[in-house]
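Work through the exercises below with the model open. Try each task before reading its solution.

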Amino acid sequence: MGAFARSLNPLLRAAETGERVEERVSRDFVPAGIAIAAVILFIGIGGQVLPQILKTWLGVADPPDVLLTNALLLNIAILLFGWRRYSALNRELLVRRQAESEARELAESDPLTGSRNRRSLLPGVDALLAERAGGVGDVALLLIDLDNFKAINDRCGHKAGDAVLVQAAARIARVLPKGALMARMGGDEFACALPCDRIDRAGLETLADDIVGTVAQPVEAGNFRIDVTVSVGIATAVQPGETWPNAELLAHWADVAMYHAKKSGRDRYAWFEPQMESELRFRNALESGLRQGISDGEFVPYYEQQIDIQSGKLVGFEMLARWKSPQFGIVSPELFIPLAEDLGVIGELSEGLIRLALQDAKNWDDHLTLSVNISPIQLRDPWLAQKLLVLLQESGFPAHRFEIEITESCLHENMAVVRSVIASLKNQGVKISLDDFGTGYSSLAQLRALEFDRLKIDRSFVGELADGKASSELVGAIVALGRGLGLPIVVEGIENAEALAAVKEFGEIKGQGFHYGRPENAESTLHRLLLNAAQSEQAPQAPAEPTGALSVRKAG
């Protein structure tokens, strides 16, 4: 009867389930009152009717009063109703508890990997921090991010990406010490937190090494064999000059360290240091400034001369991107181009610069070419060729004077898309140049299959030539290869007369570099060309030794 009595107490039931008291009373008070009344009536009436019924069966007394007998039957029916209601409430309560348990588990765990999620990890980290606060211990948090996970999803599909996440979670969990907390923070990020000694830096580095090495094993997913690497950021609660953190702040520190690990080359770990905060704030400001700068037109094309080395004549220009930021001043392309690629805005940035450059180049002499660099990220876009051809059509610039430059690394990412882009552009007369040749792993088959129009030798080889280092044989081999394939050669990085003299030894080659002048904006470039053209018209007609780029079509 104890359990039954508890079922009749609305306040107790509401306290057990967390339901509002008003709801429990309104739903259960009437049945409970009826059941209590039925019990009282059953005791009172049954005490009279049941003995008389028994005597009637024995033939020693008259049958009981019909009204009392019916009342007893009604009491029995009410008791049965109460019991059924009690059983139904128990079943309902059990189902509700199971549902609440499942909902709690879903809310606190990651459905894909089965590990904790961010919501459940942070309270656990706060509990660890509370235990260690003011004592001799410490708390470490390691933030683990899969490198280039978006590329895995794009290349192999989301099903394969999910398989990578499941395997990564299992491998991380396998190397964690007992008592460590692990969670998938979202996307391709995982975190683990553990108590540690304040001086146990070596132990944490060993753990980070184990995580990096264990996760780095290939993952088999369907027909794909996927190589995986991770970057790990390590942060501990004890930091010089910093107050004791909460879980959110400790996770932020680990995130800053993880970003530093990625910036340092990925597939490694890095410790959080307070000065990293300023670097992260600068990057965040730079990201915001870059996005705003694209819409405000702060990016402008500059032009570097390309010269026929033997004759000294100007043959064209390569467009270089420059960012004139009101906030940061002149920002180096080595800084903002990788950032634009990471943010996914390199296509918008590049197309805007090419549109401006095509308009500028319309004022040049008809024989001068314009070459532009295309990011490997842009070459993943199957519509790239159509976008460039639309820009050409809008500007009216001749396609045969337009040249795009792609690096060797592009050839190994998506060969089918690269081949399609190159074929579409070449069909319209656009020239294709393979940039930084000699620094990658291009094969002869790729050079023949893609039908490049030109090879550009990386500036690092030219620097070694000028310094007298042993790269002349390699440069000679590249030049011979280009001539054997019918591909003209362009040499980058001619910075001084010594480099020019060394390059001249290889015969008919085009070159560019600071020896011929620094890159200039559109106005300065046009002014230089107009001035040189005027000087050429005033020069005597007798043949003279050429000295450089002198031709421009006069505007108007």
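**Exercise 1. A helix and its two sides**

How many residues does helix α13 have, and how far does α13 reach from its first C-alpha to its last?

Solution. The model is a predicted one, where local features need pLDDT of at least 70, side-chain atom pairs count only at pLDDT 80 or more, and totals for chains, interfaces and linings use all residues. Residues are numbered from 1 along each chain as its sequence is written, and side-chain values use heavy atoms, with hydrogens and water left out.

Step 1. Take the element limits: helices (H or I, at least four residues) and strands (E, at least two) are DSSP runs, numbered from the N terminus. Helix α13 covers residues 384–395, which is 12 residues.

Step 2. Check the span. α13 reaches 17 Å, close to the 16 Å expected at 1.5 Å a residue. The expected span is 1.5 Å times one less than the number of residues.

Step 3. Sort by burial: buried means under 20% relative accessible area, exposed over 50%, partly exposed in between (1.4 Å probe, protein chains only). The buried residues of α13 are Leu 384, Ala 385, Leu 388, Leu 391, Leu 392 and Ser 395. They cover an arc of only 125° around the axis, so they sit on the same side of α13. The arc is that of the directions from the helix axis to the C-beta atoms. On the other side of α13, Gln 393 and Glu 394 are exposed.

Step 4. Find the packing partners. The buried residues of α13 pack against α12 (346–361), β13 (402–407) and α14 (415–427); contact means heavy atoms within 4.5 Å.

Step 5. Look just past the end. Gly 396, just after α13, takes a positive phi of about 75°.

**Exercise 2. A strand residue**

Is Thr 236 buried or exposed?

Solution. Step 1. Locate Thr 236: this residue is in strand β7 (residues 230–236).

Step 2. Read the accessibility. Thr 236 has 9% relative accessibility and therefore counts as buried.

Step 3. List the neighbours. Leaving out residues up to four places away in sequence, Thr 236 touches Asp 138, Val 139, Ala 140, Leu 204, Leu 250, Trp 253 and Trp 271.

**Exercise 3. Salt bridges**

How many salt bridges does the structure hold?

Solution. Step 1. Apply the criterion: a side-chain nitrogen of Lys or Arg within 4 Å of a carboxyl oxygen of Asp or Glu. The structure holds 20 salt bridges.

Step 2. Take the pair in α8. Arg 201 and Glu 205 meet at 3.6 Å, N to O. Both lie in helix α8 (residues 201–215), four residues apart, about one turn of the helix. Arg 201 is partly exposed at 43% relative accessibility, and Glu 205 is partly exposed at 23%.

Step 3. Take an exposed pair. Arg 225 bridges to Glu 220, with the closest N and O atoms 3.2 Å apart. Arg 225 has a relative accessible area of 57%, so this residue is exposed. Glu 220 counts as exposed at 56%.

Step 4. Take a buried pair. Arg 283 and Glu 287 form a salt bridge of 2.9 Å, N to O. These two are four residues apart in helix α10 (residues 276–296), so about one helical turn separates them. Arg 283 is buried at 17% relative accessibility, and Glu 287 is buried at 19%.

Step 5. Trace the network. Salt bridges that share partners join Glu 318, Glu 405, Lys 456 and Glu 492 into one network.
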